[in-house]
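User: I am new to reading protein models, and I would like to learn how to go from a picture to careful statements. Could you take me through it step by step?

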Amino acid sequence: MNEKHDFASDLRTYLVGFALAALLSAVPFAAVALHRPRAQVLWLLIGCGLVQLLVHFRCFLHIDLSEQKRDDLQLILFSVMIVVLMVGGTLWIMGNAHRHMM
Amino acid sequence: MSRHPGLNLAHADEKAHAEAEPLLFGFWVFLMSDLVLFALLFATYATMMGVTAGGPGPKQLFELGPAAIETAALLCSSLAYGMATLVMKYERGRVWLLFWLGAALLLGLVFLCFEIDDFVGMFAKGGGIGRSGQLSAFFALVGTHGLHVTFGCLWIVVMMIQVLVFGAERRDNKTERERLLADRVQTRILRLGLFWHFLDIVWIGIFSVVYLQGLTA
């Protein structure tokens, strides 16, 4: 095992993750600071936010598609499914109630 | 190829590695339950958007500058913690490990200072916790994250003390018991790392959904 090489590649993972995360945070902040149209900002927020989420999981939390990480990945995906059901259901029901009450 | 990159495979024995895996998986289970908690606070905030009861709204209360500084501080803190795990994995010395843990701690405290300043400013503008449904939901969500960061900072302090007392390097330790303690300190630092990086992920949601969405025209 080449320890020097491993150190460099681990370091690169963190630095690439940091650079991507900084960029993906800066873009929506800049869009708001420059008073871009609301619809444009919202799409930018969704896009950058989701990509940044993946960057953090991959580069900082070291979750990937390898077999060693399969347990962690399945746990995360199941939790995400629960979250989508609960948050989506809440927004659906409350949005519906809101429309009917107005 | 190590399962958990922070763990010191080059020097650690198989037994220590096998013991660490269920500990880290168990911590992931805890983190995911925390994720559900935050997700429901986000859902509550989303349903409360616009429920200002005649009080001040996001455009009067939120400020872009401090939110950007908080985002940068937390992201840099995450990177500093990443450096700490690397230094630990490749045994680059106790001083460097303490340096990077200290850097992560300091940046976490910078985040907290700006956040508290934000909250005080909001109170001064009449945006207290009980003013409206939206503000209650805001303080529940952002306050819970802030509390997590506070306890994270406390936990970093505890780990720095453990590193000072027990060490986190196997090669420093001669006896079986000392090696065992060093292994335990290592897996604790790894679990705190998962917690710390996870809080940064939650913050992505907060600055997107709460601050930027609230401030956009």
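Analyst: Let us begin with the largest pocket, keeping in mind that this is a predicted model. The elements that each supply at least two residues of the lining of this pocket are α2 (38-60) and α3 (70-101) of chain A, together with α1 (14-47) and α6 (176-215) of chain B.

User: How many residues line the largest pocket, and which of them lie nearest its centre?

Analyst: The lining of the largest pocket has 35 residues, and those nearest the centre are G49(A), L50(A), L53(A), G205(B) and V209(B). The volume of this pocket is about 1,400 Å³.

User: How does the lining of the largest pocket divide by class?

Analyst: Sorting a lining by class is a way to describe its chemistry. Here the lining of the largest pocket has 28 nonpolar residues, with five polar and two charged ones.

User: Which domains of chain A give residues to that lining?

Analyst: A chain can be divided into domains, and one can then ask what each contributes. Chain A is assigned domain 1 (1-62) and domain 2 (66-102), and the lining of the largest pocket draws at least three residues from each of them. The C-alpha centres of these two domains of chain A are 23 Å apart.

User: I would now like to look at chain B as a whole. How many helices and strands does chain B have?

Analyst: Counting elements is a good start for any chain. Chain B has six helices and zero strands, so that its order from the N terminus on reads α-α-α-α-α-α by the DSSP runs. The C-alpha trace of chain B spans about 65 × 30 × 25 Å along its principal axes.

User: What part of chain B is buried, and what does chain B expose?

Analyst: Burial is counted by residue, while the exposed surface is given as an area. Of the 217 residues in chain B, 58% are buried. Chain B exposes about 8,700 Å², and 70% of this area is supplied by carbon and sulfur atoms.

User: What can contacts say about chain B?

Analyst: One can ask how far apart in sequence the touching residues are. If we take the contacts in chain B between residues at least 6 apart in sequence, 80% of them join residues at least 24 apart.

User: Where is L37(B), and why does L37(B) count as partly exposed?

Analyst: L37(B) has its place in helix α1 of chain B. L37(B) counts as partly exposed because its relative accessibility is 39%, and partly exposed covers the range between the 20% and 50% cut-offs. Leaving out residues up to four places away in sequence, L37(B) touches T144(B) and H148(B). Separation in sequence and in space can be set side by side: L37(B) and P58(B) are 21 residues apart in sequence, and their C-alpha atoms are 23 Å apart in space.

User: Is V41(A) buried or exposed?

Analyst: V41(A), which lies in helix α2 of chain A, counts as buried because its relative accessibility is 1%. Not counting residues up to four places away in sequence, V41(A) touches A31(A), V32(A), R36(A) and T216(B). From V41(A) to A31(A) there are 10 residues in sequence and 6.4 Å in space, C-alpha to C-alpha.

User: How many cavities of 30 Å³ or more does the structure hold?

Analyst: The structure holds four such cavities, and about 60 Å³ of space lies in the second largest cavity. The elements giving two or more residues to the lining of this second largest cavity are α2 (58-61) and α5 (133-166) of chain B, and α5(B) gives the most, with three residues. Among the residues of that lining are Y45(B), P58(B), L61(B) and F138(B). By class, the lining of the second largest cavity has seven nonpolar, four polar and no charged residues.

User: Which sign does phi usually have in residues other than glycine, and what is phi in A53(B) and E91(B)?

Analyst: In most residues other than glycine, phi is negative. A53(B) has a positive phi of about 50 degrees although it is not a glycine, and phi of E91(B), also a residue other than glycine, is positive and near 50 degrees. A53(B) lies in the loop between α1 and α2 of chain B, and A53(B) counts as exposed because its relative accessibility is 60%. E91(B) has its place in the loop between α3 (64-89) and α4 (94-124) of chain B, and E91(B) is buried, with a relative accessible area of 2%.

Note on methods: Residues are numbered from 1 along each chain as its sequence is written. Chains are lettered from A and ligands numbered from 1 in the order in which they are written. This is a predicted model: local features need pLDDT of at least 70, side-chain atom pairs count only at pLDDT 80 or more; totals for chains, interfaces and linings use all residues. Side-chain values use heavy atoms; hydrogens and water are left out. On a 1 Å grid over the protein atoms alone, a cavity is a set of points where a 1.4 Å probe fits but cannot get out, and a pocket is an open set with protein on both sides within 12 Å along at least five of seven lines; lining residues have an atom within 4 Å of a point. Grid points are joined across faces, edges and corners, and a volume is the space filled by probe spheres set on the points. Helices (H or I, at least four residues) and strands (E, at least two) are DSSP runs, numbered from the N terminus. Ala, Val, Leu, Ile, Met, Phe, Trp, Tyr, Cys and Pro count as nonpolar, Asp, Glu, Lys and Arg as charged, and the others, Gly among them, as polar. Domain bounds come from an automatic or database domain assignment. Buried means under 20% relative accessible area, exposed over 50%, partly exposed in between (1.4 Å probe, protein chains only). Contact means heavy atoms within 4.5 Å. Accessible areas come from the Shrake-Rupley method with a 1.4 Å probe; for residues, only the protein chains shown count as cover.
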